[in-house]
Amino acid sequence: MPEKRITLALQGGGSHGAFTWGVLERLLEDERIVIEGLSGASAGAINAAVLAHGLTTGGREGGIRALEAFWQRMVSTAPASGWRMPDAPSPQKSNPGIDALMFLSRFLSPGQINPLNLNLLRDVLAAQIDFDVLRDACRLKLFVAATQIASGRARIFTTPELSLDVLLASACLPSFNQPVVIDGESYWDGALTANPPLRPLLYHCAAPDMLIVAVNPRRRQEIPSNAEEIRHRLIEISFNAAAVSELEGIALAKQEAERGLFAMGRLERRLRRLNLHMIDAEDFMNRLSVTSRLNTDAAFIAALRKEGRDRAGAWLHRNFRHIGARSSLELSEHLI
């Protein structure tokens, strides 16, 4: 059975990361797929770390079980809301609790909203991941992004540097969470500056194929018409901007590397053989509001997981033969 080596770049988007759970689960079920490296920001970083720990301690089945255990823990404290997928094209509305939290975040700092700095995610990750094992025994190359507040630049943490604080920093939403301090530096959500990080996979991995799992829609069908819709779309654009810029840069560099008859350096050779792929769900995500990324209702998470599994299965059916041979992502769409 031929094996195909890939790297995975996992986008962050709060509870929309359950879509990525479904994608990863379906990929793990296909033993022809071998993962060399993982990068991620926010929910993407958490999915990456949970998966890596599960693979390290229990192989493919361990990875599948670890992802399910994490997401089940996240929904276990959420009250059932009878969530149903809305009919297109109307975006899904968030529940009153989420709306109230979003409203308060406009006027109060995270320290005022949550003075005790309580964080469900901290407890779930601490209970599930043995970070000593992850740092010392994990054979996957991991790259986790967090945003350094002082410089406004992305800091990429690698496998030997991973800790509970690193993951919490990567998922630290400025409006709701107090900054996470690591070695004297304060950090916010990594999705602000690298969502997801692509260059580390290009520079530090050998697999010729990079698969991006995107959870944020690149285009919205409807133009925002009121202040609230405008604010939400601005948030969404800001979380997409870094990925758009990085993908444009890689696409342009690859185009230039392919112009000559011969590749002169290691990076040029790497770019020439690089194949880019993407699994997303633009139509599905367009039917969800920006605030739905705070929704951890069990039915909502289950719908996202199923969508991820279905999209990954369809992608494998169409593109498995192309892995190692060519890109399935149309790079011309990402050139300026």
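This report describes helix 1, its packing against helix 12, and the surroundings of histidine 277.

## Basis of the model

The model is predicted: local features need pLDDT of at least 70 and side-chain atom pairs count only at pLDDT 80 or more, while totals for chains, interfaces and linings use all residues. Residues are numbered from 1 along each chain as its sequence is written, and side-chain values use heavy atoms, leaving out hydrogens and water.

## Helix 1

Helix 1 covers residues 17-29 (helices are DSSP runs of H or I with at least four residues, strands runs of E with at least two, numbered from the N terminus). Its 13 residues should span 18 Å at 1.5 Å a residue, taken as 1.5 Å times one less than the number of residues; the end C-alpha atoms lie 19 Å apart, which agrees.

Eleven of the 13 residues are buried (under 20% relative accessible area, 1.4 Å probe, protein chains only), so helix 1 is largely enclosed by the rest of the structure. Among them are Phe19, Trp21 and Glu25.

## Packing against helix 12

Helix 1 and helix 12 (residues 298-319) pack at about 45°, with axes 6 Å apart. Helix 1 is therefore oblique to helix 12 (neither under 35 degrees, over 145, nor 65 to 115). Contact (heavy atoms within 4.5 Å) involves residues including Trp21 and Arg26 of helix 1 and Arg305 and Leu316 of helix 12.

## Histidine 277

Histidine 277 belongs to strand 8 (residues 275-279) and is buried, at a relative accessible area of 1%. Leaving aside residues up to four places away in sequence, histidine 277 touches ten residues' worth of neighbours listed as Asp209, Met210, Leu211, Ile212, Trp315, Ile323, Arg326, Ser327, Ser328 and Leu329.

Terms used:
Buried < 20%, exposed > 50% of the residue type's maximum accessible area, 1.4 Å probe, protein only. Axes fitted to C-alpha atoms, helices over the stretch in contact; angles between N-to-C directions.
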